[in-house]
Amino acid sequence: MSQSGCWIRLYIDGRPHASMVTNKATTTQLNEETQARILAHGVLEAPAMAGSDDLKLLGMWASPFVLRVKIALSLKGLSYEYVEEDLGNKSELLLSSNPVHKSVPVLFHNGKPVCESSIIVQYIDEAFAGAGPSLLPSDPYERAIARFWVAYIDNKMLAAWTQASRGKTQEERAEGMKQSAAAVETLEGALRDCAKGKPFFGGDSVGYVDVVLGGLLGWVRAHEELKGVSSFDPERTPLLAAWADRFWSLEAVEPVMPDVSRLVEFGKMLQARQAAAAAGDGN
């Protein structure tokens with residue numbers, strides 16, 4: 001490359017973009033430190049991070065919680081080794097690295113395990129702050145609000161979805177469906193308030209809440225095919241419905257999203273297993 005120009009890497013709305021800086025005048029839009037690096041080296045790259053290439057993820061292909069981590073890693077542009085776990089025969093590595101919950105995902109960074117999907121996503125954002133877009137807001141209050149809605153998704157909405165699909169009686173499942181509808185409507189309001197007319201919960205770019213909720217989208221679509229019911233209905237929750245399509249189609253997200261037809265088949269298998277267990281309990 002000639003000395004008069006250089007490539008820089010930009011992230012817009014969670015998407016990686018390459019732009020050409022052709023002269024010194026162009027760099028006036030950048031801060032002084034960035035200008036100096038561009039003019040001195042011709043290439044602007046993410047700051048070097050110790051052990052950034054030493055990442056290993058233990059997961060299971062159908063897990064929405066593992067998907068959250070895959071999305072975060074992809075948005076950050078980080079390479080990692082992926083190890084598929086057989087949850088019916090868990091590896092010693094999984095059992096020893098997550099002895100409390102014995103579940104996926106587990107992310108190893110320089111050999112040290114980090115567990116629980118929401119914690120892992122935050123860790124990725126903090127440990128690799130120089131890579132890709134920031135997922136958590138810099139403002140402490142906005143960061144607290146994002147964490148509040150992530151807790152709501154995991155503790156309220158997911159609990160209702162689980163009751164709706166796995167309740168032991170028809171009454172339990174009906175109550176779960178009622179609570180699910182209420183939780184999704186509440187989240188519709190959260191998107192309206194957090195986004196303020198912008199594309200994502202994080203505003204102009206993908207944020208922490210987007211990644212956490214986005215990890216569930218594979219099963220949202222699979223549930224629609226299995227049950228004929230849309231969790232994010234365009235009439236009842238138009239903002240969430242539009243957000244779901246927008247998030248899925250992001251350049252950094254779409255390649256890591258699961259095959260919905262495969263999830264549907266997996267869901268049918270789980271339903272059959274659940275029905276057989278219920279029949280056995282009734283004998």
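Here are four short exercises, with worked solutions, on the predicted model shown above.

**Exercise 1. Get your bearings.** Work out how many helices and strands the chain has, and what share of its residues count as buried.

*Solution.* Start with the secondary structure: the chain holds 10 helices and seven strands. Next, turn to burial: 40% of the 283 residues count as buried. Finally, look at the contacts with a separation of 6 or more: 62% of these join residues 24 or more positions apart.

**Exercise 2. Describe a helix pair.** Find how the axes of helix H5 and helix H6 are arranged, and which classes of residue make up their contact.

*Solution.* A reminder helps here: two packed helices are described by the angle between their axes and the distance between the axes.

- Step one: locate the pair. Helix H5 covers residues 140-166 and helix H6 covers residues 170-195.
- Step two: take the distance and the angle. The two axes come within 7 Å and cross at roughly 155 degrees.
- Step three: name the arrangement. Angles over 145 degrees count as roughly antiparallel, so H5 and H6 are roughly antiparallel to each other.
- Step four: add the handedness. H5 and H6 cross in a left-handed way.
- Step five: sort the residues. The contact of H5 with H6 has 15 nonpolar, six polar and three charged residues.

**Exercise 3. Follow two side chains.** Place arginine 192 and glutamine 122 in their helices, then list what each one touches beyond its neighbours within four places in sequence.

*Solution.* Begin with arginine 192, which lies in helix H6. With those neighbours left aside, arginine 192 is in contact with Gly197 and Leu239. Leucine 239 is 47 residues away from arginine 192 along the chain, yet their C-alpha atoms are separated by 7.3 Å.

Now take glutamine 122, in helix H4 (residues 117-127). Is this residue buried or exposed? Its relative accessible area is 16%, and the cut-off for buried is under 20%, so glutamine 122 is buried. Leaving out residues up to four places away, glutamine 122 touches Leu136, Arg147 and Tyr208.

**Exercise 4. Check the cysteines.** Count the disulfides, then classify cysteine 115 and cysteine 194 by accessibility.

*Solution.* Recall that a disulfide is a covalent bond between the sulfur atoms of two cysteines. The test asks for a pair of cysteine sulfur atoms within 2.5 Å, and by this rule the count is zero. For accessibility, cysteine 115 has a relative accessible area of 18% and is therefore buried. Cysteine 194, at 22% relative accessibility, counts as partly exposed, because that class runs between the 20% and 50% cut-offs.

Methods. Residues numbered from 1 in each chain as written. Predicted model: local features only at pLDDT ≥ 70, side-chain atom pairs only at ≥ 80, totals over all residues. Heavy atoms only, no water. Axes fitted to C-alpha atoms, helices over the stretch in contact; angles between N-to-C directions. Helix = DSSP H or I, 4+ residues; strand = E, 2+ residues; numbered from the N terminus. Parallel < 35°, antiparallel > 145°, perpendicular 65-115°, else oblique. Left-handed = near helix turned anticlockwise from the far one by under 90°. Nonpolar A, V, L, I, M, F, W, Y, C, P; charged D, E, K, R; others polar. Contact = heavy atoms within 4.5 Å. Buried < 20%, exposed > 50% of the residue type's maximum accessible area, 1.4 Å probe, protein only.
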